[in-house]
Amino acid sequence: MNNILEISNLSKSYEDFHLDNISFSLPKGYIMGLIGPNGSGKTTIIKIIMNLIMKQSGDVKIFGLDHRANEVEVKKRIGFVYDTPNYYDHLNLNQFKSTIAPFYDQWDDAVFYNMVERFKLPLHKKLKTFSKGMAMKSSITMALSHNADFIVMDEPTSNLDPVVRRELLDFFRELIQDENKSVLFSSHITTDLEQVADYITYINEGKLVFSKTKDEVFETYAIVKGGNELLDADTKNSFVSVRSSAYGFEALTNDVKHTRKLFGDSVIYDKASLEDIMFYTNIETENKL
């Protein structure tokens, strides 16, 4: 299986934050969701991938090439989706296209105008008048009009209304029908990733919690509910995190098979959402011995 992105032992330190030895890869033809709380390191990783900030150690390969040594070649094949910079606000979309297109050998006006028509974008309105949804659609249009094979997006559905979000998610699904293209996007809207992502990479406090297929995540994680009398030092420590009340306990397991061996049918097993996994990973385990 060919990987479009390979990150190995990536580290970056700031005064109050450390991205610690991160490794994961994204195969061609798939969508990867990058999740984690605010300040966990998601945007730092994306900025390093785009060579907007320097890494301190580790390797980043895109299309099998070192992302710094081959920056020009690599970036011609990347579509980076972000809010339209303020210094282009005085332009309309057609003028913005004329500014950006000359930088890309593979720019395709036909793709651009097809995307404009699909997203119903106004060509002659100034960008500063665009709504959040229109601005994001225009950014995606620019990213795809040079036939990019790797789309990198930082919080693309944030602050969008549900209708626009659904429209963009449907579009991402269609995009991946081309098995040579891949998408990496960070989001705190985990329900979006549950709908479209093939892989989930979870970063917490600068550390990699996991990078797995979405199916693997949902097969191994679960919410477990039962009576407090079932808890002791060993069973508590078998969970990622436990919450107890007078009515019983609720916990997150990352090993359903092991938990079933411990508890059998004496507890209830519920599917864990990505939000559940993030929440329970971040709370302090109650009464853990």
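**Stop 1: the cores**

Select L93, I140, F172 and I277: within the largest nonpolar core, which has 53 residues, these touch the most other members. A nonpolar core here is a set of buried Ala, Val, Leu, Ile, Met, Phe, Trp, Tyr and Cys residues joined through side-chain atoms within 4.5 Å. Buried means under 20% relative accessible area, exposed means over 50%, and partly exposed lies in between (1.4 Å probe, protein chains only). The largest core draws at least three residues from each of domain 1 (3-213) and domain 2 (221-282); these bounds come from an automatic or database domain assignment. Apart from this core lies another, of 27 residues, with L19, F24, I53 and V74 among them.

Before going on, please note that this is a predicted model, in which local features need pLDDT of at least 70 and side-chain atom pairs count only at pLDDT 80 or more, while totals for chains, interfaces and linings use all residues. Residues are numbered from 1 along each chain as its sequence is written, and side-chain values use heavy atoms, with hydrogens and water left out.

Now zoom in on I277. Not counting residues up to four places away in sequence, I277 touches Y202, F210, V217, Y221, L252 and A272. Contact means heavy atoms within 4.5 Å. Keep Y202 and F210 in mind for the next stop.

**Stop 2: strand β9 and its partners**

Select residues 199-204, which make up strand β9. Helices (H or I, at least four residues) and strands (E, at least two) are DSSP runs, numbered from the N terminus. How many residues of β9 are buried? The count is 6 of its 6. Y199, T201 and I203 point one way from β9, while I200, Y202 and N204 point the other way. In a regular strand, side chains alternate between the two faces of the sheet.

Next, add the neighbours. Two strands pair if DSSP finds at least two bridges between them. Strand β3 (residues 31-35) pairs with β9 in the parallel sense over 4 bridges, and I35 has Y202 as its bridge partner in β9. Strand β10 (residues 207-213) runs antiparallel to β9, joined by 6 bridges. In β10, the bridge partner of Y202 is F210. Both Y202 and F210 are also among the residues that I277 touches.

Finish here at the turn: β9 and β10 form a hairpin with 2 residues between them, and E205 in that turn has a positive phi of about 55°.

**Stop 3: an open sheet**

Move to the open sheet of 4 strands, ordered β2-β1-β4-β5 with antiparallel pairing. Its edge strands are β2 (18-27) and β5 (65-66), each pairing on one side only. Strand β4 (residues 57-62) pairs with β5 in the antiparallel sense over 2 bridges. To see one of the partnerships, select I62 and its bridge partner in β5, L65.

While you are at this sheet, click on N9 in strand β1. The phi of N9 is near 55°, a positive value in a residue other than glycine. N9 counts as partly exposed because its relative accessible area is 43%.

**Stop 4: helix α1**

Select residues 42-49, helix α1, which lies across β1 (3-13), β2 and β4 and runs at about 115° to β1. Such angles run from 0 to 180 degrees between N-to-C directions, with axes as lines fitted to C-alpha atoms, for helices over the stretch in contact. The helix is mostly covered, with 6 of its 8 residues buried: K42, T44, I45, I46, I48 and I49.

Is I48 buried or exposed? I48 is buried, because its relative accessible area is 0%. Not counting residues up to four places away in sequence, I48 touches L10, K12, L19, I53, K55, V60 and H67. Of these contacts, L19 and I53 are among the members of the 27-residue core.

Just past α1, look for N51, whose phi is positive, near 60°. N51 sits in the loop between α1 and β4 and counts as buried because its relative accessible area is 17%.

**Stop 5: a serine in helix α5**

Finally, select S138 in helix α5 (residues 132-144). At 0% relative accessibility, S138 counts as buried. Its side chain reaches the backbone oxygen of A135 at 2.7 Å. A polar contact is a pair of N or O atoms within 3.5 Å; within protein, one must be able to donate a hydrogen and the other to accept it, and residues adjacent in sequence count only if both atoms are side-chain atoms.
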